[in-house]
Amino acid sequence: MAPFRSPPRSLAWRLILGAGLWIAAALVAGGLLLSALFQDYVERSFDARLIVLLESLVAVSEIDADGALRLTRPVAEPRFDQAYSGWYWQISAGEEILLQSRSLWDQALPPGEAPSDAVARSDGRGPAGQALRLVGRTIRLPGADRGLHYQVAADRAEIAGEVRAFNAALAWSLGGLGLGLLAAVFVQVRYGLRPLRRIGAGIAAIRSGRAARLEGDFPAEIRPLSDELNILLDHNAAVVERARAHVSNLAHALKTPLSVLTNEADAATGPLAAAVLRQVAVMRRQVDHYLARARTAATSEILGARTEVLPVIGDLHRTLARMYPGRTIRVDAPAAAGPGGPGLQFRGERQDLEEMLGNLLDNACKWGRSRIRLTVARDGGHLTFVVEDDGPGLDDDQRAAVFDRGRRLDETVPGSGLGLAIVRDIAELYDGRIALERSSLGGLRAVLTLPAADAAPTGGG
């Protein structure tokens, strides 16, 4: 699986961020609630322990025959005997302290009163400044002439320690749970958005020519999108096909009257016939040019168009070898790149590639004396075609002039004079370009750069 890289504005990032915020808010709220519940539980348990000790203190106290208060046995808590241990007990009557634990030493608990048989809970400060939890109760013992106030106190640090330990464990647990939930959300988002990535890959395959339609079994929520995209592709293909038919009909409709005018002018004599022939020739060149441009404009926008380069070159080589038997045409192409081989695919229509290379090679054969050289190479996402000849070549002004529509530098050479202009226009429709230079063979060097298509998949799983 490819590494997950999501920009901040991506759908995956929004889903993960939104889920992360909700998870964090829920865990924080849950953690605070659990911490409060645990603290309440610890405090109630602590109070219950103090009440048990208070009742034990009441159980071991009595009034002797002299009317004095005494304990029949010590209270079962060793910390009551350790000075300032934080655990204390005290028995008082009003402001008079009757008995107290050794842990109080020379100090005393704050006196307090509580209704008979009712346990009072409070907080206070101990002898060493500890925060104390106190429980008290007023009891009238048999033989006593007044009520005695019993108090038991313990350091709240034990409560804080237990709560602190619980909160630490809770924080680690909820943190681990949060990370686990985020990981689960990450996996869920990756799995849930996989159909969208498949659609993106399918569209890229269509654009590069490796597929004609969007194929695959998509979820019910995504299937309408894939169906609409396929309908759009079919509609685009139908529109292009209709445009081609209209272009063909227009070519036939225009060329037939031009042929009639040419034949009539040939049969006549005089200045008018000569003028008609010249203007018909100009019209024929303009028609050829704009019909070629219209056809290419329609086909260059087709998604998925791709053409193997070497078969086109092979067909052109055989045709031109028969047309120009005195010319030697040499083709230099990567040895490993044959039909279906890696790299030499043009991202466009075959007939457009044939039009461009055919015009360049035909022009080289017309002007070259004996040698024609075609070099093909791929550089990244572009294909470069270099056509050279050993003819007279062109100077700088002539190289610029040959791209003028309808302008011919030499009327003695057959042709419409639009070959290079058509090549340039078709190349520009594919975001390509053509440049004319001086060749090492002595003649013209035409460099045509066109977009390359990705290699077709080899199949397999």
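The following conversation asks how some labels in this predicted model are justified.

Colleague: Why is D47 called buried?

Modeller: The relative accessible area of D47 is 6%, and since buried means under 20%, D47 is called buried.

Colleague: What makes the contact between D47 and R121 a salt bridge?

Modeller: The N to O distance between the side chains of D47 and R121 is 3.6 Å, and a salt bridge requires a side-chain nitrogen of Lys or Arg within 4 Å of a carboxyl oxygen of Asp or Glu, so the pair qualifies. This pair links distant parts of the chain, with D47 in helix 1 and R121 in strand 5, 74 residues apart.

Colleague: How do you know that R121 is partly exposed?

Modeller: R121 has 47% relative accessibility, and because partly exposed lies between the limits of 20% and 50%, R121 counts as partly exposed.

Colleague: What makes R133 and D47 a salt bridge, and is R133 buried or exposed?

Modeller: The closest N and O atoms of R133 and D47 are 2.7 Å apart, which is within the 4 Å cut-off, so they form a salt bridge. R133 has a relative accessible area of 13%, and because this is under 20%, R133 is buried. Both D47 and R133 belong to a network of salt bridges, whose members also include E43 and R156.

Colleague: Why are strand 9 and strand 13 said to stand at the edges of the sheet?

Modeller: Five strands form an open sheet in the order 9-11-12-14-13, and strand 9 and strand 13 each have a single partner strand, so one side of each is left without a neighbour in the sheet.

Note on methods: Residues are numbered from 1 along each chain as its sequence is written. This is a predicted model: local features need pLDDT of at least 70, side-chain atom pairs count only at pLDDT 80 or more; totals for chains, interfaces and linings use all residues. Side-chain values use heavy atoms; hydrogens and water are left out. Two strands pair if DSSP finds at least two bridges between them. Helices (H or I, at least four residues) and strands (E, at least two) are DSSP runs, numbered from the N terminus. Buried means under 20% relative accessible area, exposed over 50%, partly exposed in between (1.4 Å probe, protein chains only).
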